[in-house]
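Student: I'm new to this one and would like a close look at a single part, followed by a tour of whatever else helps me get my bearings. Could you take it slowly?

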Amino acid sequence: MCDALQLPIVDLSSPDRFSTANSIRQACIDHGFFYLVNHGVDEELVNKVFEQSSKFFSLPIEEKMKVIIKNYNGYSPLFAGKLDTTLSTKGDSKEGFYVSQLAGDLNQWPLEEDLPSWRSTIETYYQLLSAGTKLLSLIALSLKLDEDFFEKVGAFNEPLASLGLLHYPGEVDSSNEEIYGASAHSDFGMLTLLVTNGVPGLQICREKSEQPQVWEDVPSKSGAFIVNIGDMMERWTNCLFRWHSS
């Protein structure tokens, strides 16, 4: 049985940036995860993204395979990957669609006649993820650095962010094999901003080296992003900010 974890809450709209930076510092040292509220991304837009995401994943597999992933962009089918490579399972029970930089022609999109407004909704959401750049300036302050440190070292250069839409179908067969939506892993980048539609499933393990490992549920919080630091941020801070398995 897993316990529910109460993560710290960080308010991105707070006028006291140094206090906010200190809260982020403590959250990243203690948990590696926190909730981000008042981030400026409209909830109506988030709901539209979930709606459009559901429409895509409801398409027949033949249609989804027309935009099969290339150069890390496009559709990733069920069981196509396995985040925990030590498992003997056939793969993680999830499918995804990935978008990177909007400039250029790397991205693949469903046809407009099949999914009207799909591309425009996803592009709008991607462009509004400026919450991440605001957050990085606060993280710089939390590390006693200049507020524009990450910008000066090129962290905001293209491609700035990768956006992933994920669908977990749950039970997909009747075998006795253990099924993981996303098996235990760490994220490789600087930051992950996660939003869910309220369906539970996210867990973290705060002490990866302890046995047996204790996994704690992370409840969704309406209107909030769940933020976690990635391997790169852990390395850059010389493990001051600690990543915990999810």
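Student: What is the relative accessible area of C239, and how does that class it?

Tutor: C239 has a relative accessible area of 47%, which makes it partly exposed. The cut-offs are simple: buried is under 20% relative accessible area, exposed is over 50%, and partly exposed is in between, using a 1.4 Å probe and protein chains only. Before we go on, bear in mind that this is a predicted model, where local features need pLDDT of at least 70, side-chain atom pairs count only at pLDDT 80 or more, and totals for chains, interfaces and linings use all residues. Residues are numbered from 1 along each chain as its sequence is written, and side-chain values use heavy atoms, with hydrogens and water left out.

Another cysteine, C28, is buried, with a relative accessible area of 0%. Searching the whole structure turns up 0 disulfides, a disulfide here being a pair of cysteine sulfur atoms within 2.5 Å. In chemical terms, a disulfide is a covalent bond between the sulfur atoms of two cysteines.

Now let's look at N238. It sits in the segment after helix 7 (231-236) and is exposed, at 68% relative accessible area. Its phi is near 55°, a positive value in a residue other than glycine. Most residues other than glycine have a negative phi. N71 also has a positive phi, near 55°. You'll find N71 in the loop between helix 3 and strand 4 (74-76), and with 55% relative accessibility it counts as exposed.

Let's step back to the whole chain. It has 7 helices and 10 strands, which are DSSP runs numbered from the N terminus (H or I with at least four residues for helices, E with at least two for strands). Of the 246 residues, 38% are buried. Take the contacts between residues at least 6 apart in sequence: 73% of them join residues at least 24 apart. Contact means heavy atoms within 4.5 Å.

A good place to see helices meet is the pairing of helix 1 (residues 17-30) with helix 5 (residues 131-142), whose axes come within 8 Å and cross at roughly 80°. Those axes are lines fitted to C-alpha atoms, over the stretch in contact for helices, and angles run from 0 to 180 degrees between N-to-C directions. The two helices are therefore roughly perpendicular to each other; under 35 degrees would be roughly parallel, over 145 roughly antiparallel, 65 to 115 is roughly perpendicular, and the rest is oblique. Helix 1 brings R17, F18, T20, A21, I24 and R25 to the contact, while helix 5 brings K134, L135, S137, L138, I139, L141 and S142. Sorted by class, the contact has 7 nonpolar, 3 polar and 3 charged residues. For that sorting, Ala, Val, Leu, Ile, Met, Phe, Trp, Tyr, Cys and Pro are nonpolar, Asp, Glu, Lys and Arg are charged, and the others, Gly among them, are polar.

Helix 2 (residues 43-57) holds E51, which is partly exposed at 44%. The C-alpha atoms of E51 and T121 are 9.9 Å apart, with their positions 70 residues apart along the chain. Q52, also in helix 2, is buried at 7%. Setting aside residues up to four places away in sequence, Q52 touches P116, S117, W118 and T121.

On to K64, in helix 3 (residues 61-64). K64 is a buried lysine, at 5% relative accessible area, and its side chain makes a 3.1 Å polar contact with the side chain of E95. A polar contact is a pair of N or O atoms within 3.5 Å; within protein, one must be able to donate a hydrogen and the other to accept it, and residues adjacent in sequence count only if both atoms are side-chain atoms. Beyond its neighbours within four places in sequence, K64 is in contact with F56, F57, L59, Y75 and E95.

Two more stops. G91, in the loop between strand 4 and strand 5 (95-99), is buried at 8% and touches F79, G81 and K82, not counting residues up to four places away in sequence. Its C-alpha atom is 6.3 Å from that of A80, 11 residues away along the chain. Finally, Q203 belongs to strand 8 (residues 203-204) and is partly exposed, at 26%. The side chains of Q203 and D217 are joined by a polar contact of 3.0 Å, and the C-alpha atoms of Q203 and P219, 16 residues apart along the chain, are separated by 8.7 Å.
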